[in-house]
Amino acid sequence: MSTNPGRQLKKYHISKRASQLSPSGIRKFFDLLASMDDVISLGVGEPDYTTPWHIREAAIESLEKGYTMYTSNMGMPELRQELSRYINSKYGIQYDPDTELLITVGVSEALDLAMRATINAGDEVIMPDPCYVAYQPSVILAEGIPVTVPTYEENNFEISAERIEHQITDKTRAILIGYPANPTGAVLSHDKLEQIAEVARRHHLMVVSDEIYAALVYGVKHTCIAALPEMKANTILLGGFSKAFAMTGWRVGYAAAPREIITAMTRVHQYTMMCAPTMGQVAALEALKAGEESAAEMVEDYNRRRLVIIKGLRDAGLSCSEPKGAFYAFPSIKSTGMTSEEFANRLLTEEKVAVVPGSAFGQCGEGYVRCCYATSLADIEEALSRIKRFITKYRRRK
Ligand SMILES: Cc1ncc(COP(=O)(O)O)c(C=O)c1O
């Protein structure tokens, strides 16, 4: 029997689908970070808040009452009812809770289902570059082809309808967007979304809109593309609880879409997940019923931190377009002459500050780093002073 683990591994048959996926650029980085002490992390994209107490309490109470079984595949009826009310109050779109809403295991599952339920092998899906790390893999796992549209700092990393249209072929099936955006913090105005909607309507394309950061906007109004004329029928809206209600670990999200699409997504969901966690659904229901006040307080706090980080990064000599949503700043580090990976690695080892290389989010992310400001103001200020020292030291050496 061989004791060489390398040889043993080779005997396993790994699917092309899985082999095609490259390891997340973020994960690689966090493995390194996990081995170090006293690091200030602007890395992980999750709220530093614990889920508000009344939400946790609702879940605890449900456990005490013994609510530990499966729910309906589509999710608890009361949660779908409440979600329908919530979406209507936010965006003025009416979804039928019985047929047009599906509760999922986070936006992560909703995204996967949206692709697997609507994309055939060889179909193309257009998306911005840089973009959230799961967008390309979700298309690849559905055997589709991701087609990227470059976005640039000069345009605040907003995707343009004209560039989208330029990439459309007879194989294009969908446009996948997520604004407010991870990693850039970009938000799309009503007019820009209307231009994208017009392209989608004209070419009969579905828009998959990741609205996970919809509640996190600063000084601007978020428009949901599904609310634009005729777009409810052409949109798969993906939403969640992780960011707005500080509920990343509860694993609850949803999809809102026309009945035929929700039926197809539910078919995949029922054989893979069965249902989203019951305890998480109870917590999500409480969040929708009574969580908006605490969510608004968190947004105010993120905004204070956002202003500090933008100013600090600019004072350190980095150009940084103003992020108007989510909780990320995406400064350019091109002036240092380093690649984004080099910059992130050196900043981590020399100053113990973790940021994510922009290249993890696509080719157009090269030359930038993602700084998540969902961390304490004290840590942000300390990180900024270390970044400034790092850049000054580096500039002197050049
Ligand atoms: C843009 C975007 N979409 C989806 C997700 C996944 O969210 P969830 O926790 O709901 O699965 C994230 C998480 O970071 C994200 O940034």
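Which hand does the crossing have where H4 passes H11? Right-handed, as the first close-up shows. Bear in mind for every panel that this is a predicted model.

**View 1. Helix H4 crossing helix H11.** Here we look at H4, residues 53–64, against H11, residues 278–290. Their axes come within 8 Å and cross at roughly 140°, and that makes H4 oblique to H11. The H4 side of the contact is made by His-54, Ile-55, Ala-58, Ala-59, Ser-62 and Leu-63. Facing them from H11 are Met-279, Val-282, Ala-283, Glu-286, Ala-287 and Ala-290. Sorted by class, this H4–H11 contact has nine nonpolar residues, two polar ones and one charged.

**View 2. Helix H5 alongside helix H11.** Stay with H11, but switch the partner to H5, residues 77–91. The axes of H5 and H11 come within 10 Å and cross at roughly 30°, so H5 counts as roughly parallel to H11. This crossing is left-handed. From H5, the residues to pick out are Glu-78, Leu-79, Glu-82, Leu-83, Arg-85 and Tyr-86. They meet Gln-281, Ala-284, Leu-285, Leu-288 and Lys-289 in H11. The class tally for H5 with H11 is six nonpolar, one polar and four charged residues.

**View 3. Helix H6 packed on helix H10.** H6 covers residues 106–118 and H10 covers residues 259–272. The two pack at an angle of about 115°, with their axes 9 Å apart, which means H6 is roughly perpendicular to H10. The crossing of H6 and H10 is right-handed. On the H6 side you'll find Glu-109, Ala-110, Leu-113, Ala-114, Arg-116, Ala-117 and Thr-118. Across from them in H10 sit Ile-261, Ala-264, Met-265, Val-268, His-269 and Thr-272. Count the contact of H6 with H10 by class and you get eight nonpolar, three polar and two charged residues.

**View 4. The ligand and its surroundings.** Zoom in on the ligand and you'll see it surrounded by a set of residues that includes Gly-106, Val-107 and Ser-108. Tyr-132, Tyr-135, Asn-182 and Asp-210 are also among them, as are Ile-212, Tyr-213, Ser-242, Lys-243 and Arg-251. Which residue puts a polar backbone atom 2.7 Å from an oxygen atom of the ligand? That's Val-107. Two side chains are worth a look as well. Tyr-213 has a polar side-chain atom 2.8 Å from a ligand oxygen atom. For Arg-251, an N or O atom in the side chain is 2.8 Å from an oxygen atom of the ligand.

**View 5. Two cis peptide bonds in the loop between S5 and H9.** Strand S5 (172–177) and helix H9 (190–202) are linked by a loop that holds Pro-180. The peptide bond from Tyr-179 to Pro-180 is cis, with omega near 0°. Pro-183 lies in the loop between S5 and H9 too. Asn-182 and Pro-183 are joined by a cis peptide bond, this one with omega of about 15°. Asn-182 may ring a bell from the previous view, where it appeared among the residues surrounding the ligand.

**View 6. A positive phi at His-204.** Moving along the chain, this panel is about the loop between H9 and strand S6 (206–210), where His-204 lies. Where does phi of His-204 sit? Near 55°, a positive value in a residue other than glycine. Asp-210, which belongs to the residue range of S6, is one of the residues that surround the ligand in View 4.

Conventions: Residues numbered from 1 in each chain as written. Predicted model: local features only at pLDDT ≥ 70, side-chain atom pairs only at ≥ 80, totals over all residues. Heavy atoms only, no water. Axes fitted to C-alpha atoms, helices over the stretch in contact; angles between N-to-C directions. Helix = DSSP H or I, 4+ residues; strand = E, 2+ residues; numbered from the N terminus. Parallel < 35°, antiparallel > 145°, perpendicular 65-115°, else oblique. Left-handed = near helix turned anticlockwise from the far one by under 90°. Contact = heavy atoms within 4.5 Å. Nonpolar A, V, L, I, M, F, W, Y, C, P; charged D, E, K, R; others polar. Near = heavy atom within 4 Å. Polar contact = N/O pair within 3.5 Å; in protein donor to acceptor, adjacent residues only side chain to side chain.
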